[in-house]
Amino acid sequence: MNTTAVPATGEPAVGKNSPGAARGPRRPGRTRRTALPYLLLLPALLLEILIHLLPIVIGVAMSFKELTQFYLRDWGAAPWRGLDNFRFAVDFDTPAGESLLRSFTTTCLFTVLSVGLCWLLGTAAAVFMQETFRGRGFLRALFLVPYALPVYAAVITWSFMFQRDNGLINHVLHDQLGLTDSPSFWLIGDNSFWALLIVSVWKGWPFAFLIVMAGLQNIPKELYEAGALDGAGVWQQIRKITLPSLRSVNQVLVLVLFLWTFNDFNTPFVLFGKSAPEAADLISIHIYQSSFATWNFGAGAAMSVLLLLFLLLVTGVHLFFTSRGRKATDA
Amino acid sequence: MAAPRSFVWSRRIFLTLLTGFVLLPVYVMVSSSLKPLEDVSSEFRWMPSGLTIRPYFDIWETVPLAKYFVNSLVVAGAATVCSVVIAIFAAYAVSRYRFRGKRLFTVSVLSTQMFPGILFLLPLFLIFVNIGNTTGVALFGSRGGLILTYLTFSLPFSIWMLIGYFDSVPRELDEAALVDGCGPLKALFRVVVPAAIPGIVAVAVYAFMTAWGEVLFASVMTNDTTRTLAVGLQGYSTQNDVYWNQIMAASLVVSVPVVAGFLLLQRYLVTGLTAGSVK
């Protein structure tokens, strides 16, 4: 494979310039050397500007404007409102601010519970399945099914199961076990929080399972052998070797799970439709509803900006605490 | 070493319960898709009163499912191909070269992954509407526009993961190719890409899956002709009836391709994750 001919494109051979690799006397031309990575990056850069940078700039600009349906065709002409949208969003004495605060706290509670349960189930399953046993490969594939199923197909099935009159959940709880006096509502009212949590955990834990499984492969066998020699039983090995070795994997995993769950729109949207019940009104749905139902895009943008600041803060704090003691990896 | 009984029993109980939890919706999906409408409209039954495969024929009539299927396939496929191809170049540059702004680039790519889709939805919506008004290019409601919005999540992920995969390909391989007189692009496509195939497959599968399951952009950025499965599936609920048996049949039909593809390729995904993100 290495004996390839001179490239037909006629490009001069550009030497590698990996750090510390001083192989051979060849010194490629300076301009060439600096231009190439930028050329390779160009398509990605252009797209990043178009789909990320520009929307964020516009989003921030929108949050300072009175952007209603009248100005949609030409949003640049929308009147400037300064910080009014932000005041509107966080004025907790008004219905709008109050509902934003409630949605925010609901989302926080929901995220903590969902991420915790996903992590717990995923880690337990991965640790239990670390050693081979009969049917392990089959189970592993099976456990990935919730992850692979398209959100709308999976969540719509759950919504069928949560139907009051013809759903499986009430059939089991009420008809078969007699635990409730009358069939409960699951998709409206306070129960909706728990319904959403169950669906979210069902959909999310296989990702934790996948990541932890990958992380387990990196633990050297010798550690376990040494542990066994020292007389540590399986449970002790899990506590003393497996879990501590997973620390850096967990740091990444929990952050990713947090961001996904906190930002999740698909699950509540398919489960509840355009407006979620109060108890399960996650922030993404809330912003969607505030923007598209009332056509108050300025307020929606202000909420998005606040959400973005919050996520930046959380991620920053997380990175600060996890990167301490870890070597800087990259130039 | 032999595991103690307590471990074996805990494992059995835990894995059995977990299997039940995982399989419950799958069972409901499969069994309900084989029930007549009266069955799914009245009290839930574990077993169908009469097996029928009618829903599998009706789903194509009740809503234009085939059209939605094609839309989803085109949008998810194009988003996947675009993001993987563009990410291969970008990841190669980041993995193999030192250049000014590299850290800024990687950090910005990483940070866009944490932004909620809703943040991009409103501005992109406005951009598309405005482009449509000024140039007459109808991005809003078009497949092209939807593909573009899907890149907001698939591109940063692909770049980020591919950097990890490319880093795990020994530098000596492509350095040898460069010494042999290959251009950098040739070294990339002859050496690095083949060596990173499992990672590229994993990234592609992942990008396709997320695009196939995306709901938010699909529900705002599509119209009657470009609607994807995510939105189309809502068509089985009418004012009078909710055709649950058809919904379940359609869900199964749209799930089988991705689930099968994922299970076939999950080996690569796990290998890839080990090599890439988790180090």
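Here is a chat between a trainee and a mentor about a predicted model with chains A and B.

Trainee: Let's start with chain A. How many helices and how many strands are there in it?
Mentor: Read chain A from its N terminus and you meet one α after another. The strand count is zero. The helix count for chain A is 14.

Trainee: What share of the residues of chain A count as buried?
Mentor: Chain A has 331 residues to sort. Buried is the label for a residue under 20% relative accessible area. The share of chain A that gets this label is 51%.

Trainee: And what share of the contacts in chain A join residues at least 24 apart?
Mentor: The pool here is contacts between residues at least 6 apart in sequence. Within that pool, the share in chain A that joins residues at least 24 apart is 63%.

Trainee: Let's zoom in on Thr107(A). Is it buried or exposed?
Mentor: You'll find Thr107(A) in helix 3 of chain A. Its relative accessible area is 0%, and the cut-off is under 20%. So Thr107(A) is buried.

Trainee: Which residues is Thr107(A) in contact with, leaving aside its neighbours within four places in sequence?
Mentor: Helix 3 of chain A holds Thr107(A), but we skip the neighbours within four places in sequence. What's left for Thr107(A) is Phe262(A), Asp281(A), Leu282(A) and Ile283(A).

Trainee: On to salt bridges. Which residue does Arg102(A) form a salt bridge with?
Mentor: Look for a carboxyl oxygen within 4 Å of a side-chain nitrogen of the Arg. For Arg102(A), the closest N and O atoms of the pair are 3.5 Å apart. The partner of Arg102(A) is Glu278(A).

Trainee: How many residues apart in sequence are the parts that this pair ties together?
Mentor: Arg102(A) sits in helix 3 (residues 95-128) of chain A, while Glu278(A) is in the loop between helix 12 (266-272) and helix 13 (283-293). Arg102(A) is partly exposed at 30%, and Glu278(A) is exposed at 53%. Because of where the two sit, the pair ties together parts whose separation in sequence is 176 residues.

Trainee: Now chain B. In the salt bridge of Asp39(B) with Arg45(B), how far apart are the closest N and O atoms?
Mentor: Asp39(B) counts as buried at 3% relative accessibility, whereas Arg45(B) counts as partly exposed at 37%. Between Asp39(B) and Arg45(B), the closest N and O atoms are separated by 3.3 Å.

Trainee: Arg227(B) forms a salt bridge with Asp224(B). Is Asp224(B) buried or exposed?
Mentor: The closest N and O atoms of Arg227(B) and Asp224(B) are 3.1 Å apart. Arg227(B) comes out as partly exposed, at 23%. Asp224(B) has a relative accessible area of 53%, and the cut-off is over 50%. That makes Asp224(B) exposed.

Trainee: How much area do chain A and chain B bury between them?
Mentor: The size of an interface is often given as the accessible area lost when the parts come together. Here 123 residues of chain A are in contact with 109 residues of chain B. Carbon and sulfur atoms account for 74% of the buried area, and the total is about 10,400 Å².

Trainee: How many salt bridges does the rule find across that interface?
Mentor: Over all chains, the structure holds seven salt bridges. Across the interface of chain A and chain B, there are eleven residue pairs in polar contact. For salt bridges across that interface, though, the number is zero.

Trainee: Which helix of chain A gives the largest share of the side that touches chain B?
Mentor: That side of chain A divides into 85 nonpolar, 26 polar and twelve charged residues. The largest share is 19 residues, and it comes from helix 1 (residues 30-62).

Key:
Residues are numbered from 1 along each chain as its sequence is written. Chains are lettered from A and ligands numbered from 1 in the order in which they are written. This is a predicted model: local features need pLDDT of at least 70, side-chain atom pairs count only at pLDDT 80 or more; totals for chains, interfaces and linings use all residues. Side-chain values use heavy atoms; hydrogens and water are left out. Helices (H or I, at least four residues) and strands (E, at least two) are DSSP runs, numbered from the N terminus. Buried means under 20% relative accessible area, exposed over 50%, partly exposed in between (1.4 Å probe, protein chains only). Contact means heavy atoms within 4.5 Å. Buried area is the accessible area (1.4 Å probe) that two parts lose on being put together, summed over both. A polar contact is a pair of N or O atoms within 3.5 Å; within protein, one must be able to donate a hydrogen and the other to accept it, and residues adjacent in sequence count only if both atoms are side-chain atoms. Ala, Val, Leu, Ile, Met, Phe, Trp, Tyr, Cys and Pro count as nonpolar, Asp, Glu, Lys and Arg as charged, and the others, Gly among them, as polar.
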